Structures are given as C-alpha cells and as structure tokens.
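Let's take a friendly walk through this structure together. Have the sequence and the 3D view open as you read.

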Amino acid sequence: MNARPASRGVWRALLLVVVGVLAASAWLGPLGGALPLALLRVPVAARYPDAPSVAPAALAAALARPEPARPVLLDVRSAAEFAVSHLRGARRVDAEGASTAALALPAARPVVVYCAVGLRSAALVARLRAAGHRDARNLEGGLFRWAREGRPMYRGVAPAQRVHPYDGAWGLFLPRRLRAPRD
C-alpha cells in the first residue's frame, strides 16, 4: 500500500524527463503545442497489463448502438475535470475510493472507463476485471485522445470544446486549443 505514493513520484519524474526532452527537440510546435499520446501507451500497458483498451473510433461506434447495447461509461477524473467536459452519459466515479461492488454495474453490459490519458482508468479496469467484470475496457488515450480526434464532449448537456488539463505537465498532451484553463 505504501508503494503507491512512490510510484506516483516515479511516473511524474518520467513525465518531466519526456517533456524536457521533447520540448528541447522542438516537437511541441508542429504538434499544436501537444506531446504525442503514443508516449503513454507502453507505460499504461506495462503498469496495467490486465486492462484491455478500446480505441475512440470503436467506442464511438458502440455508443451509436441502441440503449441496451451501449457500454456503460465511467469517468474516473476529479469533479473539477468532469465539470469542464465529459462523454455524454458518463457517470463520474471515484477511482480509488469506490469498491467495484458499490458501482453496481450491470453484468450483461460492457463497461468503458476513461480519465485524462488512461492511467487512472486502467487501474479501475484492472480492478473490475479482477472482480469478474470481463467486459471492462480502458479508453485508449483517455479523454485527451477523444478530444484530439474531434469527437463530441459535453458540459452537462451542452457541447464542450475543451478538456481540463489535469495539471501543467499532463496538459502538455493536449493541443493548446483544447486545454481549458486550470482552476
């Protein structure tokens, strides 16, 4: 249990090294001020090998199905992040505090969990699968990738154009035009 804070420090340090290297090599300009999300694919898969993902295009197709066949959407970001934008119909849940049983997920429906880039959501997907929910998946690249692909987001019922950047370092994975001001 006590290893968790240390692992956060390792991830933050890794992120800062990557940001420094890429910024120094001038990658940010051609990418609209954003780091490539592909940099996160390997660390997410390595940390959570039991958390399969779903690409944004596949999720968009699944969300177009009639209601009983649509996946349940769980947003594990903070309330402040969720308030800026989210996927239509998503339910915000506390990724660390909620027990998988307390989520009361329908056994017959697929579940897609997302966060900003896929790290927090992959943790919940791994827990859901370990608890027996075999059709739980992580949104690959999180809401950042969804937004970068121009897919619809909402603030309540109104369309939203920006995403909460989580913090200054993680926000570098969002193009400037998509970054909401941090609170």
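## A guided look at the model

One aromatic pair is present in the structure. Please keep in mind that this is a predicted model. Another ring worth a look is that of Trp146: Arg151 sits over its face, 5.8 Å from the ring centre.

**Overall layout**

Stepping back to the whole chain, you will find 6 helices and 7 strands. In sequence order they run α-α-β-α-β-α-β-β-α-β-α-β-β. The chain has 183 residues, and 44% of them count as buried.

**The nonpolar core**

What is the size of the largest nonpolar core, and which residues have the most contacts inside it? This core has 48 residues, and Leu74, Leu87 and Leu128 are the ones with the most contacts within it. Helices and strands both take part: helix 2, helix 5 (119–130) and helix 6 each give two or more residues, as do strand 2 (72–75), strand 4 (111–114) and strand 5 (136–139). Helix 5 is the top contributor to this core, with 7 residues.

**The second largest pocket**

Now turn to the second largest pocket, which encloses about 300 Å³ of space. Its lining is made up of 16 residues, and those nearest the pocket centre are Leu40, Arg41, Val117, Glu140 and Gly141. Two elements, helix 2 (38–47) and helix 6 (142–148), give two or more residues to this lining. Which of the elements gives the most to the lining? That is helix 2, with 5 residues. By character, the lining residues of this pocket divide into 8 nonpolar, 4 polar and 4 charged.

Helix 2 thus appears in two places, in the core and in the pocket lining. Helix 6 likewise gives two or more residues to the core and to the lining of the second largest pocket.

**Residues far apart in sequence**

Two buried residues in helices make good starting points for tracing the fold. Pro43 belongs to helix 2, and it counts as buried because its relative accessibility is 15%, under the 20% cut-off. Ala62 belongs to helix 3 (residues 56–63), and its relative accessibility of 9% likewise makes it buried. Each can be matched with a residue well along the chain, as the table shows.

| Residue pair | Separation in sequence | C-alpha to C-alpha distance |
|---|---|---|
| Pro43 and Leu119 | 76 residues | 8.6 Å |
| Ala62 and Pro110 | 48 residues | 9.7 Å |

**Positive phi values**

Finally, a look at the backbone. Most residues other than glycine have a negative phi. Against that background, Ala104 has a positive phi, near 50 degrees. Where is Ala104 placed? Ala104 lies in the loop between strand 3 (91–92) and strand 4. Is Ala104 buried or exposed? Ala104 counts as exposed because its relative accessible area is 60%, and the cut-off for exposed is over 50%.

Tyr166 also has a positive phi, of about 70 degrees, although it is not a glycine. Tyr166 is found in the segment after strand 7 (158–160). With a relative accessible area of 36%, Tyr166 is partly exposed, so it falls between the buried limit of 20% and the exposed limit of 50%.

Definitions and conventions. Residues numbered from 1 in each chain as written. Predicted model: local features only at pLDDT ≥ 70, side-chain atom pairs only at ≥ 80, totals over all residues. Heavy atoms only, no water. Phe/Tyr/Trp six-rings, centres within 6.5 Å; stacked < 30°, edge-to-face > 60°. Lys NZ or Arg CZ within 6 Å of the ring centre and 35° of its normal. 1 Å grid on protein atoms, 1.4 Å probe; cavity = no way out; pocket = protein on both sides within 12 Å on 5 of 7 lines; lining within 4 Å. Points joined across faces, edges and corners; volume = space filled by probe spheres on them. Helix = DSSP H or I, 4+ residues; strand = E, 2+ residues; numbered from the N terminus. Nonpolar A, V, L, I, M, F, W, Y, C, P; charged D, E, K, R; others polar. Core = buried A, V, L, I, M, F, W, Y, C linked by side-chain atoms within 4.5 Å. Buried < 20%, exposed > 50% of the residue type's maximum accessible area, 1.4 Å probe, protein only.
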